[in-house]
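Colleague: I'm new to this one and would like a close look at a single part. Could you walk me through the place where the two chains' opening helices come together?

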Amino acid sequence: MKLTRRAPAQHGETIVALIDVVFFLLIFFMLIGRMDATAPFDVIPPVAASGSDMPAGGATLSIAADGALALDGAGVERAVLEAALSERLAGDPALRLRVNAHRDAELRHVLPLVGAAEAMGFRDVVLVVTPAPAP
Amino acid sequence: MAGTGLRRPTRPARLISLVPMIDVMLIMLVFFMVTSTYLNLDMIPAVHQQDSPAQAAAPSDAGGTLMIRLGSDGIPVVQGAAVPAGVLSALLAGRLADDPLLQVLVLPSGGATTQALISVMDEAARAGAVRLRVVRLEARP
């Protein structure tokens, strides 16, 4: 009599583990990603060691190295910038203005805007910096 | 009359396929991985007005004043002498040891870069300056 070993039942590869990993990755990227509008030009913020953590929210005024401006990711001319800022400030009087200036931007393009924002009534204006690498 | 008992066999419950959900999740994962830009950003307050006038009114006559001029070449100048990078912090620390309420004024040139101003503010903060202001000259209208 010939005895044959029964072939083990074919089990398909379980994909539950794959689904779990993909789902956790998806949640991870959704949580840590901050949806911010980026400026239509390159902005490399200056490096500072004394900066503090920047909370989310507020309007972002980007200043390129050549002085070009963008408000919340959209290019804007200097002549209409104050009107746009006033409109936003009217909607939220406690609005924070984040000035994201390129590190090579000359201060004649930056400081007058900070002064103008203060004169318009912005009570919270911050300069965006990049934390210095740890020694 | 007794029935013959013919019954349609019940169909086994059909499993919902997970493949479309996996496809959607993978597409969303790739989307977030590709479109996300991860920046580690900090902030330095430039204007911070207190709600309470009592808090906003700081004693302006307490302590002395030290003016730091920032040239268009990015080199700080204190009392007419250029101060190399790295020395400014020690100089300010020495002055602040004598006068903890020393007010540090930074007068930058319009041609100086933002990085130069931030570096001076950084060194002042590192030296322990608590009263730091950036002033600028405006053209007379």
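Modeller: Here is a tour of that helix pair and of the cores around it.

Keep in mind that this is a predicted model. The two partners are helix α1 of chain A, residues 16-32, and helix α1 of chain B, residues 19-35. Their axes lie 9 Å apart and make an angle of about 35°, and α1(A) passes α1(B) in a left-handed crossing. On the chain A side, the contact is made by Ile19(A), Val22(A), Phe23(A), Leu25(A), Leu26(A), Phe29(A) and Met30(A). Chain B answers with Met21(B), Ile22(B), Met25(B), Leu26(B), Met28(B), Leu29(B), Phe32(B) and Met33(B). Sort those by class and you get 15 nonpolar residues, with no polar and no charged ones.

What does the record say here? An unreviewed UniProt entry annotates residues 12-34 of chain B as a "transmembrane region". In the model, that stretch is 70% helix and 0% strand, with its end C-alpha atoms 42 Å apart.

Now for the cores. The largest nonpolar core has 47 residues, and those touching the most other members are Ile63(A), Leu81(A), Leu97(A), Val99(A), Phe122(A), Val125(A) and Leu92(B). Helix α4 of chain B, residues 114-127, gives the most to this core, with 7 residues. Apart from that core lies another, of 8 residues, and this is where our helix pair comes back in: among its members are Ile19(A), Leu26(A), Phe29(A) and Phe32(B), names you've already met in the contact between α1(A) and α1(B).

Technical notes: Residues are numbered from 1 along each chain as its sequence is written. Chains are lettered from A and ligands numbered from 1 in the order in which they are written. This is a predicted model: local features need pLDDT of at least 70, side-chain atom pairs count only at pLDDT 80 or more; totals for chains, interfaces and linings use all residues. Side-chain values use heavy atoms; hydrogens and water are left out. UniProt positions are given in the numbering used here, feature names are shortened, and annotations may be inferred rather than shown by experiment. Helices (H or I, at least four residues) and strands (E, at least two) are DSSP runs, numbered from the N terminus. A nonpolar core is a set of buried Ala, Val, Leu, Ile, Met, Phe, Trp, Tyr and Cys residues joined through side-chain atoms within 4.5 Å. Buried means under 20% relative accessible area, exposed over 50%, partly exposed in between (1.4 Å probe, protein chains only). Axes are lines fitted to C-alpha atoms, for helices over the stretch in contact, and angles run from 0 to 180 degrees between N-to-C directions. A crossing is left-handed if the near helix is turned anticlockwise from the far one by less than a right angle, and right-handed if clockwise. Contact means heavy atoms within 4.5 Å. Ala, Val, Leu, Ile, Met, Phe, Trp, Tyr, Cys and Pro count as nonpolar, Asp, Glu, Lys and Arg as charged, and the others, Gly among them, as polar.
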